[in-house]
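Here is a friendly walk through one protein model, written for someone who likes cut-offs stated plainly. Have the viewer open and follow along.

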Amino acid sequence: MDADVTDSAGPPSDPGRPAGDKPQSRSQEEPVPGGPAPGDGGDGPAESPGTARPSEEPDTGAAGSAADGGGAAGSGPGAQTWADRPKDGVVVARRRRWLRRTALAASFLVLVAAGVGWWMYKKLDGNITTDTSAAAELKAYEEERPTPVVMDARNILLIGSDSRAGENREYGRDDGGSQRSDTTILLHLAADRKSATAVSLPRDLMVEVPSCRTADDEKSRERFAQFNSAFETGGTACTIRTVERMTGIRIDHHMVVDFNGFKDMVDAVDGVEICLKKPIDDKDAHLELPAGRQTLDGEEALGYVRARKSLGNGSDTERMERQQQFLGALVNKMQSNGVLLNPTRLYPVLDAATKSLTTDPGLDSLRDLYDLVRGMRDVPTDQVQFLTVPRQPYRQDPNRDELVEPDAGELFRQLREDKPVAVVPADELEEARQDQEKTRDGKPDDAGSESPTPTPTYSGSSAADDLCKQ
């Protein structure tokens, strides 16, 4: 009898042990109604009428009624007890509520992010102005335009407008909104996107300007004139046709940027670092800077690249060199600081650029511009090169320029065929030429063996150059 009592199953209300398991000791069991409570003393536990044996059904009295509302409680193996059921139910309910709230919060954040992203995209996309008139004008002259030689290469004409109308009036007199191309750069992107070459075209260069349609819907006459007059006469289309006639290079796209757009881009990247060998005090450009390394904000940068009379010999040549060096520093800043790979830093740059940008229909969307930028972001800075087309003072007017041949023709051919060019500082190029002449003079005309054609080298700079070390 005692053995049977000791091995009896615990009551159904015993949490954590299903019916039929052996208890560890009698002291762990609930007190039996009518019997002594555990720990009351005595020689040992006494069998109670209310205690169920293993072979018997458990008591379905008051305890059973409380456990199941008057019904049978824990009648089978694995059934939950009265104490377990509400506890597990609360945990499960809380967990489900937490999961629902988390899912709702995540869905809300996704919707907000998508909405903000779409708004930003549409805003940037809407900033860009499309130049449909230039596209229509170029289409009318399609037969005379050059044929592309390398399909995957891209040639983009960058035009800096010198209009003084609107917000640009503070930079000079507004002569009825007329404008000329203050800066024109032919940007060549190699087909493999491993190099980019920017060639400055002097505004004072004397070139053949074709007959163009004017703003009054008239036809201008074909003439030999100053290069930047093409923009004033027939706008972007006339400038593109002038460049194509001069170089034989097909222009794929164009961009026109005004002064304020340039300023805002510089401010968007938190300024650009330059190095000045001498201090600058230019009243016309509203610019006063000390010598040495320093960071220019947008307003100072604009004055720096436009200053002419008080810097150097006052020529447009030196101004173009400053523009090239500054653009190189801007490219370096954008790449080294991860602007092109950081959406939060890239957005203000794109916002500033697109607000003042006029492009052809092939570049008038944010997707098109992004594809263009993405193709350039992996170009090494030492392969982002800047140079000015070979030129010299015009024979009939030293205040104008003319092309130097065959150097200019060779440069245009290299770009047209997507072949490499090299740039070095002007003093290094001059030293190399002198050494080449000395070597040539010391050998007979037929001396030496044939060697591969060297890469044409021009005076210029790259985005990797440190201006303070030159």
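## A walk through the model

E137 sits in helix α4 (residues 132-140); helices here are DSSP runs of H or I with at least four residues, strands are runs of E with at least two, and both are numbered from the N terminus. At 13% relative accessibility, E137 counts as buried, where buried means under 20% relative accessible area, exposed over 50%, and partly exposed in between, with a 1.4 Å probe and protein chains only. Leaving aside residues up to four places away in sequence, E137 touches R213 and A237, a contact being heavy atoms within 4.5 Å.

A word on where these values come from: this is a predicted model, in which local features need pLDDT of at least 70 and side-chain atom pairs count only at pLDDT 80 or more, while totals for chains, interfaces and linings use all residues. Residues are numbered from 1 along each chain as its sequence is written, and side-chain values use heavy atoms, with hydrogens and water left out.

### The whole chain

The protein has 12 helices and 17 strands. Of its 470 residues, 38% count as buried. Among the contacts with a separation of 6 or more, 64% are between residues 24 or more positions apart. The accessible surface comes to about 27000 Å², and 51% of that belongs to carbon and sulfur atoms; the areas come from the Shrake-Rupley method with a 1.4 Å probe.

### Helices that meet

Two packed helices are described by the angle between their axes and the distance between the axes. Here the axes are lines fitted to C-alpha atoms, for helices over the stretch in contact, and angles run from 0 to 180 degrees between N-to-C directions. Three pairs can be set side by side.

| Helix pair | Axes come within | Crossing angle |
|---|---|---|
| α6 (residues 259-268) and α7 (residues 298-306) | 8 Å | roughly 125° |
| α6 and α9 | 8 Å | roughly 175° |
| α7 and α8 (residues 316-336) | 8 Å | roughly 140° |

How are α6 and α7 oriented to each other? Their crossing angle makes them oblique; angles under 35 degrees count as roughly parallel, over 145 as roughly antiparallel, 65 to 115 as roughly perpendicular, and the rest as oblique. The crossing of α6 past α7 is right-handed, a label used when the near helix is turned clockwise from the far one by less than a right angle, with anticlockwise giving left-handed. On the α6 side the contact involves F259, F262, K263, V266 and D267, and α7 brings G298, E299, A301, L302, V305 and R306. Sorted by class, this contact has six nonpolar, one polar and four charged residues. For these classes, Ala, Val, Leu, Ile, Met, Phe, Trp, Tyr, Cys and Pro count as nonpolar, Asp, Glu, Lys and Arg as charged, and the others, Gly among them, as polar.

The crossing angle of α6 and α9 makes this pair roughly antiparallel. In this pair, G261, D264, M265 and A268 of α6 meet P348, V349, A352 and A353 of α9. By class, the contact of α6 with α9 has six nonpolar, one polar and one charged residues.

P348 is worth a second look: it belongs to helix α9 (residues 343-355) and is partly exposed, at 29% relative accessibility. Its C-alpha atom is 9.7 Å from that of L124, although the two residues are 224 apart along the chain.

As for α7 and α8, they are oblique to each other. A301, Y304, V305 and R306 of α7 make the contact with R319, R322, Q323, Q325 and F326 of α8. Its classes are four nonpolar, two polar and three charged residues.

Helix α8 also holds T317, which is partly exposed at 27% relative accessibility. The C-alpha atoms of T317 and S200 are separated by 9.8 Å, with their positions 117 residues apart along the chain counted as the distance apart.

### Backbone details in the loops

Most residues other than glycine have a negative phi, and most peptide bonds are trans. Where does the model have a cis peptide bond? One joins E405 and P406, with omega about 10°, and P406 lies in the loop between β15 (397-403) and α11 (407-416).

D217, not a glycine, has a positive phi of about 65°. This residue lies in the loop between β5 (206-209) and β6 (223-226) and is exposed, with a relative accessible area of 53%. D418 also has a positive phi, near 60°. Its place is the loop between α11 and β16 (422-424), and at 22% relative accessibility D418 counts as partly exposed.
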